[in-house]
Amino acid sequence: MPDPVPRRFAGRLLAWYGKHRRDLPWRRTSDPWAIWVSEVMLQQTRVAAVTAAYERFLQRFPRPADLADADDDTLLGAWRGLGYYRRARLLRDGARAVVERHGGQVPTDPEQLGALPGIGRYTRGAVASIAFSHPEPAVDGNVERVLARHRGVASAVKSGTGARRIRELAMELLAEGHPGDVNQALMELGATVCTPRRPVCAECPVAGDCVARRDGTTAQLPVLPPRVAAVKVATCVALIPWRGAQILGVRVAAGAINAGQVDLPGPGPLVACDGPEELAAELEARGLRCTVGGALGRVQHGITNHRITVCAFAGASPAVRPRPPWIAARPDDPDTPWTTIARKVFATVGLTAEERSP
Ligand code: SF4
């Protein structure tokens, strides 16, 4: 006798999704390129930030060939506000491979999709199921949580056994049809109802046979790896005006955090700095001699498990234009990929209106 749970689950899930799904721009298209872009943007970035960037990005790069041609500044400028810029470069690597291997068309075959640079298991499953209706699981943290709770998966979901079990459960649901909708509905349920801290079981369409709800184990499931302890860093940057409305910045070297972007002068986001004297000495060691004065403001930022406090100090313009990697640009220049910390500082001191630090 076939297990009745997957059929019942899929039916209730899809009925709920039909009524409650959020109207998001990437849900109004079946263009595989647009879906790919949205899935990459949504990894580790809030829906609100992605909504603002998604249409702007696709207007600029409507096809993979348009992104394949983009230089670093254009790419990072279009990616602003999303963070984790490595994803943007990987997306461009993928677009270039689509042009070279597939004549500019995103391949329909999941194997070929998965062989593109930057496309991992999750993105392959999302694009293949949503754009091409292939029964491919797309397992992200939301899907892990819903399935682990509903079916009472006691193994760690990142372990070999746990991950295999979650994929099996997802495959059982996909066998019921409508794979793109099933994958998106699972993610939606995890994002809006079966949330990490306070699942709203009373509004859940599959609550009737949920193991975690029955056993009172929603707080224990899914079993996740232990959290890495937060590391606090206090550092400094200089805000140095240049010829009126421009600000001096520094192009971040390859291999460093935020490589290719433009940061404010300082020792780097993960390097502690004690105040204006240490900051001035740091800048001089890097070839920028200038006086650093009073504090202008403070911003908070997180990079992986680092909780960074950045104090911005006023710097005096140097007598001669510094050479690269130092550059000068307006804070609101859309073609200069200022780092998120730099944009938070600009907003905090009133130079721009976005990215204010909490
Ligand atoms: S009943 Fe509660 S724990 Fe179970 S799947 Fe629904 S929201 Fe999650």
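What covers the buried residues of α1? The cover includes α10 and α11. This report on a predicted model starts from that helix, moves to its neighbour α10, and then takes up the ligand shell, the two domains and the unusual backbone geometry.

**Helix α1**

Helix α1 runs over residues 4-20 and holds 17 residues. At 1.5 Å a residue the expected span is 24 Å, and the end C-alpha atoms are 24 Å apart, so the two values agree. The buried residues of α1 include Phe 9, Ala 10 and Leu 13. These residues cover an arc of only 95 degrees around the axis, and therefore they lie on the same side of α1. The other side of the helix carries Pro 4, Ala 15, Gly 18 and Lys 19, which are exposed. Thus α1 has one side with buried residues and another with exposed ones.

**Helix α10**

Helix α10 is treated in the same terms. Its 15 residues reach 21 Å from the first C-alpha to the last, close to the 21 Å expected at 1.5 Å a residue. Ile 166, Leu 169, Ala 170, Leu 173 and Leu 174 are buried in α10. Their arc around the axis is only 145 degrees, which puts them on the same side of α10. Gly 160, Thr 161 and Arg 164 are exposed, and they sit on the face of α10 turned away from its buried side.

Which helices are among those that cover the buried residues of α10? They include α1, α9 and α11. The relation with α1 runs both ways: α10 is part of the cover over the buried residues of α1, and α1 is part of the cover over those of α10. Helix α11 is part of the cover for α1 and also for α10.

**The ligand shell**

Helix α9, part of the cover of α10, also takes part in the surroundings of the ligand. The ligand is surrounded by 14 residues, of which the closest are Cys 194, Cys 201, Cys 204, Ala 207 and Cys 210. Two helices, α9 (141-151) and α12, each supply at least two residues of this shell. The most comes from α9, with 3 residues. By class, the shell has 10 nonpolar, 2 polar and 2 charged residues.

**Domains and the chain as a whole**

The domain assignment of the protein chain gives domain 1 (4-215) and domain 2 (231-348). Their contact takes 8 residues from domain 1 and 8 residues from domain 2. The side of domain 1 that touches domain 2 is made up of 2 nonpolar, 3 polar and 3 charged residues. Taken over C-alpha atoms, the centres of domain 1 and domain 2 are separated by 36 Å.

The protein chain has 14 helices and 7 strands. Its C-alpha atoms fill a box of roughly 80 × 50 × 35 Å along the principal axes. Of the 358 residues in the protein chain, 39% are buried. Among contacts between residues at least 6 apart in sequence, 65% join residues at least 24 apart.

**Backbone exceptions**

Most residues other than glycine have a negative phi, and most peptide bonds are trans. The table lists exceptions of both kinds.

| Site | Feature | Angle |
|---|---|---|
| Leu 221 to Pro 222 | cis peptide bond | omega near -5 degrees |
| Pro 324 and Pro 325 | cis peptide bond | omega about 15 degrees |
| Gln 44 | positive phi, not a glycine | phi about 70 degrees |
| His 178 | positive phi, not a glycine | phi about 50 degrees |

Where do these sites lie? Pro 222 is in the loop between α12 (211-215) and β1 (231-239). Pro 325 is in the loop between β6 (306-315) and β7 (326-329). Gln 44 belongs to the loop between α2 (32-42) and α3 (47-60). His 178 is in the loop between α10 (160-174) and α11 (179-192), and those two helices are part of the cover over the buried residues of α1.

Is Gln 44 buried or exposed? Gln 44 is exposed, because 10 other C-beta atoms lie within 10 Å and the limit for an exposed residue is 12 or fewer. His 178 has 18 other C-beta atoms within 10 Å, so it is partly exposed.

Notes:
Residues are numbered from 1 along each chain as its sequence is written. This is a predicted model: local features need pLDDT of at least 70, side-chain atom pairs count only at pLDDT 80 or more; totals for chains, interfaces and linings use all residues. Domain bounds come from an automatic or database domain assignment. Two residues are in contact if their C-beta atoms, placed from the backbone, lie within 7 Å. Ala, Val, Leu, Ile, Met, Phe, Trp, Tyr, Cys and Pro count as nonpolar, Asp, Glu, Lys and Arg as charged, and the others, Gly among them, as polar. Helices (H or I, at least four residues) and strands (E, at least two) are DSSP runs, numbered from the N terminus. A residue is buried if 20 or more other C-beta atoms lie within 10 Å of its own, exposed if 12 or fewer, and partly exposed in between; C-beta atoms are placed from the backbone. A residue is near a molecule or strand if its C-beta atom, placed from the backbone, lies within 6 Å of it. The expected span of a helix is 1.5 Å times one less than its number of residues. The arc is that of the directions from the helix axis to the C-beta atoms.
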